[in-house]
Amino acid sequence: MSEAKVNGDLLREREKCNFDLKELTHFIDGGEEATRNRREVEEMVIHVKEIQDEVPEEYLSHKEQYENAVRKACVLIDILKEHALRHSSFDAYKPTNMYRVQSMVKQVSPFILHMGMFVPTIFGQASADQQAEWLPKALSLQIIGTYAQTELGHGTFLRGLETTATYDPTTEEFVLHSPTLTSYKWWPGGLGHTANHCIVVAQLYSKGVCHGIHPFLVQIRDSETHMPKPGIKVGEIGPKLGFQTANNGFLGFDHFRIPRQNMFMKNAQVLKDGTYVKSKSTKLTYGTMMLIRVMIVSDAAYEISRAVTIATRYSAVRHQSQPKPGQPEPQILDYVTQQHKLFIGIATSHALRITGSWLWETYSKVTHDLDAGKLDQLPELHALACCLKAISSRDASAIVEQCRLACGGHGYMASSNFPTIYGSITATVTYEGEFTVLLLQTARYLLKAWKSALEGKVMTPTVAFMVNYQKTKPLWKNTPEGIISGFKAVAAGKSKEAYDAVISYENNGKDYEDAWNLASVQLVNASEAYCRAIICEMFWSEVQRHSVTMSRNVAAVLQQLAELYLIYWTLEKSGDLFEYSCVSKEDLAVLRRRYGELLALIRPNAVALVDAFDLRDEILQSTLGSYDGRVYERLMEEALKSPLNKEPVNQSFHKYLKPFMQKSKL
Ligand SMILES: CCCCCCCC/C=C\CCCCCCCCCCCCCCCC(=O)SCCNC(=O)CCNC(=O)[C@H](O)C(C)(C)COP(=O)(O)OP(=O)(O)OC[C@H]1O[C@@H](n2cnc3c(N)ncnc32)[C@H](O)[C@@H]1OP(=O)(O)O
Ligand SMILES: Cc1cc2nc3c(=O)[nH]c(=O)nc-3n(C[C@H](O)[C@H](O)[C@H](O)COP(=O)(O)OP(=O)(O)OC[C@H]3O[C@@H](n4cnc5c(N)ncnc54)[C@H](O)[C@@H]3O)c2cc1C
């Protein structure tokens, strides 16, 4: 990009950068080679004319948006498939690469569930024979699939799903049926008009016995005509807050038959005569959800990086107000309140990316052990994935919205891209396990952990801190390590309180379930505190670990961001820390001053820090956040694309306004 065209404020901001920007980008990507590979994929996609829209998508009808999205998804997937094959690797399938490439088309891909859940379920739940048959077709998109679990009546409570799959040994088939309106599948992405196959989660009946929910591969549309198969009722569920082009659909079955072999057989099986063979754990059926929950943590980090890049660049270009008479209007980035809104976003993106990578590695290790029959680490992984998915998606939604608000009126424009980013990220708070529901899952683990600590049992690593808390309340130290220890004290204290509350309700005559419900606000708070302690510890310790191999200034900016994150949350949660740790008012006053110092230290590097995310304009898709900072020019260029501006007088004037005004004159 020619520097001459770049906005002067941004040029000056970039000159202030005191660290090696490329080194930070490599760190974010996971190494220099990873940066090269990512850029190669992006470069390949960026120049493809077919994925660029002449008319902004917002002006298209719902139907046109979908058709355009299918067209672009086909182009995109073709390029990526070719790339993946050329490199004989699965690199293109890595979550981080997928997110970035996906965001080059503004609206979500109707193939998202194919790539995100259909293919992974075949990997995770199909037997070797089934994989050999289904994977080549799925990976090459000869068949397009989705993951149909949620029903009109139930999303959270999976044991309550109503779709049935009844085994008929005479024909060696399963009969799929939707007995009620509420049993209709509802929500699966791509189900409306894109997928011709889907993974259906249904209650398995054999020999008159219900064995609970199991996944089945079902062809729902004809391979040639794409017509729904007889016995299948399928369609799209209509417009939503976001995710407009995901083609979320509904699906009902009228005694629809599939071969026995279409039940996913890696874990449980039904033999020809109808004998049911149990899985090592019924929870293995939930494997794909676990994978996506793990991926969502990195996705949250990525969406924050997009929002905060847009808002920070805009804040460097935008001038407003005149605090000192006669002086020029300052850049809004110089207002400390603006720094307070934005720098926590930069810090959180790093915190969640680092935590997401750690969770990904933990997930890989535990699933490898599961394949070898070792199930002992599954509960801890489940507890971690649940709370990290919940908190990362909620934090990301809040930060994206904060970034939008930080851009004032222009943040409200569709062309800022905030509405689309927000529409996507806020969906992650609900899908793949609703926020509160997942925190309550983690709370189950925490209560057991607290009980184990009371009984002096061996503790798993992420809850081992509970043992110390039982002995003493840790002394407060105004250091990052001291703050982390304080957050652990909050997590332990809240777990204890929730545990005691459940016991106390039970002692007062409530049964366990009612006691649980009565204590559930405390349970959710305990999970949130545990999760915050994990993110804080992971962020700080990983930055420390990597600092020794980094140049001094890159290490310094990352340490500033990690410290900012820790202090931000200490100040946000000061009430909890007063209650459960030994922090004093004086300690908090010191931290408040340090927080102000950190904002000032980060300020000169702010634009460089978001530049280091290395998000191309084609990925940001924002009038406010482009690299050159031509904010006002772009806003006007985009406004002129409005179809309403194609003619000086709209026909509604002659049809309605003029007669209306004339009538008013009489
Ligand atoms: C060749 C390659 C080419 C590459 C080309 C690339 C091209 C790229 C282009 C485009 C692609 C686009 C980019 C893709 C990016 C991918 C991102 C993916 C995004 C996907 C989008 C997803 C959309 C959303 C999908 C969905 O929402 S699917 C539906 C999800 N549904 C839920 O999550 C339901 C939530 N409910 C539950 O999970 C459970 O019911 C419950 C709440 C956990 C309760 O379950 P249950 O009643 O059975 O259990 P309990 O009785 O409560 O508990 C019993 C014990 O079991 C424990 N438990 C529960 N769950 C688990 C578990 N999963 N694992 C382990 N243990 C579990 C529980 O804790 C209890 O334990 P206990 O000891 O306390 O008894
Ligand atoms: C954009 C989007 C895409 C989706 N894609 C898919 C897909 O591809 N495939 C698919 O199968 N599904 C999909 N879903 C469905 C999604 O997984 C569910 O909506 C989600 O799991 C939440 O379930 P629910 O809608 O039943 O919410 P509910 O469980 O009805 O939640 C409503 C409220 O009740 C509360 N609540 C429920 N149970 C409890 C409890 N036990 N304790 C305390 N509070 C409780 C919740 O906290 C929440 O406040 C998608 C959803 C969205 C929004």
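Which domains does the domain assignment of the chain give? In this predicted model, the assignment yields domain 1, made of 1-19 + 291-459 + 469-639, and domain 2, which covers 147-279. If you place a point at the C-alpha centre of each domain, the two points lie 37 Å apart.

Let's look at where these domains touch. Domain 1 brings 7 residues to the contact, and domain 2 brings 4 residues. On the domain 1 side, α11 is the element to follow, since it gives the most to the surface that touches domain 2, with 5 residues. By class, the residues on that side of domain 1 are 2 nonpolar, 4 polar and 1 charged.

Now turn to ligand 2. Where does it sit relative to the two domains? Both domain 1 and domain 2 give residues to the shell around ligand 2, so the ligand lies between them. There are 22 residues around ligand 2, and those that come nearest are Gln149, Thr150, Gly155, Thr156 and Trp187. Three elements give two or more residues to this shell: β1 (147-148), α11 (418-430) and α12 (435-454). Of the elements, α12 gives the most to the shell, with 3 residues. You have already met α11 on the side of domain 1 that touches domain 2, and here α11 appears again in the shell around ligand 2.

What classes of residue make up the shell around ligand 2? The shell has 10 nonpolar and 10 polar residues, along with 2 charged ones.

How values were computed. Residues are numbered from 1 along each chain as its sequence is written. Chains are lettered from A and ligands numbered from 1 in the order in which they are written. This is a predicted model: local features need pLDDT of at least 70, side-chain atom pairs count only at pLDDT 80 or more; totals for chains, interfaces and linings use all residues. A residue is near a molecule or strand if its C-beta atom, placed from the backbone, lies within 6 Å of it. Helices (H or I, at least four residues) and strands (E, at least two) are DSSP runs, numbered from the N terminus. Ala, Val, Leu, Ile, Met, Phe, Trp, Tyr, Cys and Pro count as nonpolar, Asp, Glu, Lys and Arg as charged, and the others, Gly among them, as polar. Domain bounds come from an automatic or database domain assignment. Two residues are in contact if their C-beta atoms, placed from the backbone, lie within 7 Å.
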